[in-house]
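Let's take a walk through a protein model together, one piece at a time. Keep the picture open while you read and try to find each part as it comes up.

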Amino acid sequence: MSVKVNDMCYMWSADDDLAKKGEYGGAVTTLMKYMLENGIVDAVLAVEKGADLYDAVPILINDPKDIAKSAGSLHCGTLNIAKVVEKYLDGVNDIKVAVTCKPCDAMTIRELIKKGRIIEDNLIMVGVNCGGTMPPVKTREMIEEVYEMDPDEVVKEEIAKGKLIIETENDEKSFSIDELEEDGLGRRTNCQRCEVNIPQMADMALGNWGGVIGPLAGKATFVEVFSDKGADVLDKAISAGVVNIEEANPKGIEIRGGKINQSMVNLANKSKEFAYSDIKGDILEVFAEYQDEFSRCMKCYGCREACPICYCPECSLESNGPDWLTKALIPAAPMFHLERMVHMVDSCTNCGQCEEVCPSEIPVAKVWDTVNAKIQEIFDYYRGVEDEGVVSPLTYYQDKGLRD
């Protein structure tokens, strides 16, 4: 078999041990191990369980024997791995890395590639399908109070058929994700608004997502190829015999795209409608709608530190400038936030990192997502997508949008 872009198949590990440790046949773990063992990459960047199931930490692996540490999913793993690639690995300037990435991770990486902050040729993005991540503390409380289960006994969480399923070794319970989120539970609010569940901007996307049916259900991963780089890696792994494959069932493809993915997109649109459909006007008017929230700002710079898109080597908010911008005036002047907005909002991937760290509980991610939606509406520009030669509409003049 010669793998090509847009190919789809079912895949599972030929290593029984990795197949058991990983989810849905351990395909992701096996691919990462193969790339590392055969010098295709120098290291693998993934996440591993920290203190417990509700704590995910990044791990850089250069020994194939350690690859099993990253096996399995951590749905309370809310970090954006792009920040690690850009800041702590120097944009993979002098190292070749394979990275597992959720859609928001992959979108952010694409934006940083456009800004010259990450070297694309040195990176292989192994995308994982994602229906959203959950806030660790609130999730523990939800499992204890709503599910009436011990959060320390949970072995798996999954969103399927509109329900959030929580499993222990001896029990399984599920509740409607819609009803949970109406009560302020379930996924993070930025994930509720996200309509990108399959990371098509990665080199490949892997996951269950209802696409694997028949005898392989629960035992194999659905794989879709999006780049020549991804096709080459898969082709080599298949030829080496480290993974087993089977042609994807047409009905499974239909279920994955037409039912599972579309139902999640519908949920996202419903959340967006609730969040900001009533906010009208131009970008500055949209920003003004949130002035009461921003009046709580302590100017701690937490949002800037957490943001994977911020790119100034020396932050413009702390360089020499007018006192109202650079000094610790509380609350922060509106221009403080407007300057941040100008720098990153066209590239904001709604990853929620800023909102998670805000001590004043300002819905920062919602604000930037609202303005980003306005940019999409005006310019028909979608961040995080690999369009060669397409740059932000805020970098040049157009006959529409800001001139209207």
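Why is helix H3 (residues 81-88) largely enclosed by the rest of the structure? Before we get to that, keep in mind that what you're looking at is a predicted model. Now, the answer: six of the eight residues of H3 are buried, so the rest of the structure largely encloses this helix. The buried ones are Ile81, Ala82, Lys83, Val84, Val85 and Glu86. And what does the covering? The list includes strands S2 (43-49), S3, S4 (97-101) and S5, along with helix H4 (103-114) and helix H12 (302-306).

Have a look at the two ends of H3 as well. At the N-terminal end, Asn80 acts as a cap, with a side-chain oxygen 3.0 Å from the backbone nitrogen of Ala82. Just after the helix comes Asp90, which takes a positive phi of about 55°.

One of the covering pieces, H4, deserves a second look. The axes of H3 and H4 come within 8 Å and cross at roughly 30°. On the H3 side, Ile81, Ala82 and Glu86 make the contact, and on the H4 side it's Asp105, Thr108, Ile109 and Leu112. Sort those residues by type and you get four nonpolar, one polar and two charged.

Let's zoom in on Thr108, which lies in helix H4. Is Thr108 buried or exposed? With 0% relative accessibility, Thr108 counts as buried. Setting aside neighbours within four places in sequence, Thr108 is in contact with Asn80, Ala82, Pro308, Ile309 and Thr349. You've met Asn80 already: that's the residue capping H3.

Now for the sheets. Eight strands form an open sheet, and if you step across it you pass S3, S2, S4, S5, S9, S10, S1 and S11 in that order, with mixed pairing. At the edges sit S3 (56-61) and S11 (243-247), each of which pairs on one side only. From one strand to the next, the twist averages 30°.

Strand S9 (residues 204-207) is a good place to see what "mixed" looks like. With S5 (residues 123-128), S9 pairs in the parallel sense over three bridges. With S10 (residues 221-225), S9 runs antiparallel, and four bridges join the two. Try finding some partners: Gly127 stands opposite Ala205, and Val128 stands opposite Leu206. On the S10 side, the bridge partner of Ala205 is Glu224. Which way do the residues of S9 point? Met204 and Leu206 point one way, while Ala205 and Gly207 point the other way, and all of them are buried.

There's another open sheet to find, this one with three strands in the order S6-S7-S8 and antiparallel pairing. S6 (154-160) and S8 (172-176) are its edge strands, and each has a single partner strand, so one side of each is left without a neighbour in the sheet. Here the twist averages 15° from one strand to the next. S6 and S7 (residues 163-168) pair over six bridges, and you can spot Ile159 standing opposite Leu164 in S7.

Next, the nonpolar cores. In soluble globular proteins, nonpolar side chains tend to be buried together. The largest nonpolar core in this model has 33 residues, and Phe294, Met341, Val345 and Trp368 touch the most other members. Helices H9 (250-276), H10 (283-288), H14 (334-344) and H16 (364-379) each supply at least two residues of this core. Which helix gives the most? That's H16, with seven residues.

Click on Trp368 and look around. Leaving out neighbours within four places in sequence, Trp368 is in contact with Phe287, Phe294, His337, Arg340, Met341, Met344, Val345, Cys348 and Cys354. A second, separate core of 29 residues includes Ala27, Met35, Val225 and Ile238.

Our last stop is Ser271, which has its place in helix H9. Ser271 has 15% relative accessibility, and buried means under 20%, so this residue counts as buried. Not counting residues up to four places away in sequence, Ser271 touches Gln192 and Arg193.

Note on methods
Residues numbered from 1 in each chain as written. Predicted model: local features only at pLDDT ≥ 70, side-chain atom pairs only at ≥ 80, totals over all residues. Heavy atoms only, no water. Pairing = 2+ DSSP bridges. Axes fitted to C-alpha atoms, helices over the stretch in contact; angles between N-to-C directions. Buried < 20%, exposed > 50% of the residue type's maximum accessible area, 1.4 Å probe, protein only. Contact = heavy atoms within 4.5 Å. Polar contact = N/O pair within 3.5 Å; in protein donor to acceptor, adjacent residues only side chain to side chain. Core = buried A, V, L, I, M, F, W, Y, C linked by side-chain atoms within 4.5 Å. Nonpolar A, V, L, I, M, F, W, Y, C, P; charged D, E, K, R; others polar.
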